[in-house]
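Trainee: Please take a close look at one sheet in this model and explain how its strands are arranged. I would also like to hear about the surroundings that bear on it.

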Amino acid sequence: MSLSVGYNIAKSALTTVSAQTEVVSRNIAGAEDPGYVRRSAYPVTAPGGGSRLFTVTRDQNLLLFASLLNTSSSQGSRGAISDGLDALERIYDDPAFGQSPGALVTDLENALQLYADAPHDAALAATAVARATALADGLNAASGSVQQVRAEADAAMASSVDRINRLLGQFEEVNTAITTMRAEDPARNDLFDARDNLLTQLSEEIGIRTAVRGDDDMVIYTDSGVTLFEKIARPVDFEPTLIYQPGTIGGAVLVDGVAVTGSNAPMPLREGRLAGLARLRDDLAPQVQGHLDEVARGLIEIFAEADQSIPATLPEATGLFTYSGGPGLPPAGTVLTGLAGDISINAAVDPGQGGDPLRLRDGGIAGAAYLYNQSGAAGYSARLRELTDGLNSTQGFDPAAG
């Protein structure tokens, strides 16, 4: 071996070790970065007996990374639902605070019992009507809160769609750079890290599946199979609904023109924050609205008045509680969407509207034919006890209300 050959071999070895050391240094520097994948350097024998660095690879577990994306999507979905359920739970509140619908019903029942024990007491009559007013107002407010939760979920869906489109745009730039760069260029590894980081962020918003083709070109699909990215980013569209009323149907999210949220979506999303928000807006919150609407219908039915004529010829009519469809009663056994936001106290018994609270005892709220206390006796309590029993009686509800 000549001196020059030995020199070249030693030089190449030093160069190789230097390159390996640089890889080790980068691994140490990236140890605390969750988006960094450890590199391994592989030297080979060069022609003439020296050495050179053949390749630097990323030590990535593809199955583990796929599991990470699935977990991220699942957490995104459950986090959105959990936050929404916390907001909905505040509607029911703790009965001990006296603001929940259940507590307000109990307050009304207690007031009716006290009034039934002293039916001559006008002050107790006014108190009972005031408790009924508080209950109606509470249901109105609860219904409004449900729609507020839906509106906030809709706005969050719009933000999620904006982020998805932004991430897909960034992904397109990185993916294009990867496919156009020489395979042996170590700088590609940094691009792979950047691409994986974008996938992780994207999976938080929407459930995804990926496939890698030649030149490390990647395709992204939603977890339901709609193409999100193939060479170029596919558009994700959503039209927000600014105002929500009971029964309002929010807009669907479209991926490349295909609906992925909503009851008519042919390929609905399963996971991701966007899927959780859509479920909250379209399923969970409306179910709570249905619960409240059925409570309102139950109250209207319990306090309804019957024709006291002999024989009775008139249909039952709204009594203490009414709604915009009164004096006729809501359809029996059927959820009337939005009824909780519509229920109110009948003006005929509300002193604030010129009504007489004593009609709660005597009847006649719906008119003279519905008068229960025909004699006008101050000690008449049968109607009050009937109403109290009604609050404790078994009642049927529409199964659709859940």
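Mentor: What follows goes through the sheet strand by strand and then turns to the ring contacts, the cavity and the unusual backbone.

The model is predicted, and for that reason local features need pLDDT of at least 70 and side-chain atom pairs count only at pLDDT 80 or more, whereas totals for chains, interfaces and linings use all residues. Numbering starts from 1 along each chain as its sequence is written, and side-chain values use heavy atoms, with hydrogens and water left out.

The sheet is open and has 4 strands in the order β3-β4-β5-β6, with antiparallel pairing. At its edges are β3 and β6 (232–233), each of which pairs on one side only. Strands here are DSSP runs of E with at least two residues, helices are runs of H or I with at least four, and both are numbered from the N terminus; two strands pair if DSSP finds at least two bridges between them.

Strand β4 (residues 218–222) has 4 of its 5 residues buried, so the rest of the structure largely encloses it. Buried means under 20% relative accessible area, exposed means over 50%, and partly exposed is in between, with a 1.4 Å probe and protein chains only. On one side, β4 pairs with β3 (residues 208–212) in the antiparallel sense over 5 bridges, and on the other it pairs, again antiparallel, with β5 (residues 227–230) over 3 bridges. Isoleucine 220 takes part in both pairings, standing opposite threonine 210 and also opposite phenylalanine 229 in β5. The sheet continues with β5 and β6, which run antiparallel and are joined by 2 bridges; here glutamate 230 has isoleucine 232 in β6 as its bridge partner.

Both turns that flank β4 hold a residue with positive phi. The hairpin of β4 and β5 has 4 residues between the strands, and glycine 225 in its turn has a phi of about 105°. The hairpin of β3 and β4 has 5 residues between its strands, with aspartate 215 in the turn at a positive phi of about 60°. Most residues other than glycine have a negative phi, and most peptide bonds are trans. Aspartate 216, which is not a glycine, likewise has a positive phi of about 60°. Aspartate 215 counts as exposed at 57% relative accessibility, while aspartate 216 is partly exposed at 28%.

Phenylalanine 229 also links the sheet to a helix. A search of the whole structure finds 2 aromatic pairs. In one of them, the rings of phenylalanine 171 and phenylalanine 229 have centres 4.9 Å apart and planes at 80°, so this pair is edge-to-face. Phenylalanine 171 belongs to helix α4 (residues 122–180) and phenylalanine 229 to strand β5, so the contact ties together parts that are 58 residues apart in sequence. Both of these phenylalanines, 171 and 229, are buried. Rings of Phe, Tyr and Trp (its six-membered ring) pair if their centres lie within 6.5 Å, and planes under 30 degrees apart count as stacked, over 60 as edge-to-face and the rest as tilted. Just past the end of β4 in sequence, aspartate 223 has its C-alpha atom 6.5 Å from that of arginine 270, a residue 47 positions away along the chain. Arginine 270 lies in the loop between β9 (258–259) and α6, and is exposed with a relative accessible area of 54%.

For comparison, an open sheet of 3 strands has the order β7-β8-β9, with antiparallel pairing. Its edges are β7 (236–237) and β9, each with a single partner strand, so one side of each is left without a neighbour in the sheet. Strand β8 (residues 254–255) is joined to β9 by 2 bridges, and the two run antiparallel. Across that pairing, leucine 254 stands opposite alanine 259.

As for the backbone of other loops, the peptide bond from isoleucine 310 to proline 311 is cis, with omega near 0°. A cis bond also joins glycine 326 and proline 327, where omega is about 5°. Proline 311 is in the loop between α6 and β10, and proline 327 is in the loop between β10 and α7 (339–342).

The structure also holds 1 cavity of 30 Å³ or more. On a 1 Å grid over the protein atoms alone, a cavity is a set of points where a 1.4 Å probe fits but cannot get out, and lining residues have an atom within 4 Å of a point. Residues that line the largest cavity include Phe303, Arg359 and Arg383.

Key: On a 1 Å grid over the protein atoms alone, a cavity is a set of points where a 1.4 Å probe fits but cannot get out, and a pocket is an open set with protein on both sides within 12 Å along at least five of seven lines; lining residues have an atom within 4 Å of a point. Grid points are joined across faces, edges and corners, and a volume is the space filled by probe spheres set on the points.
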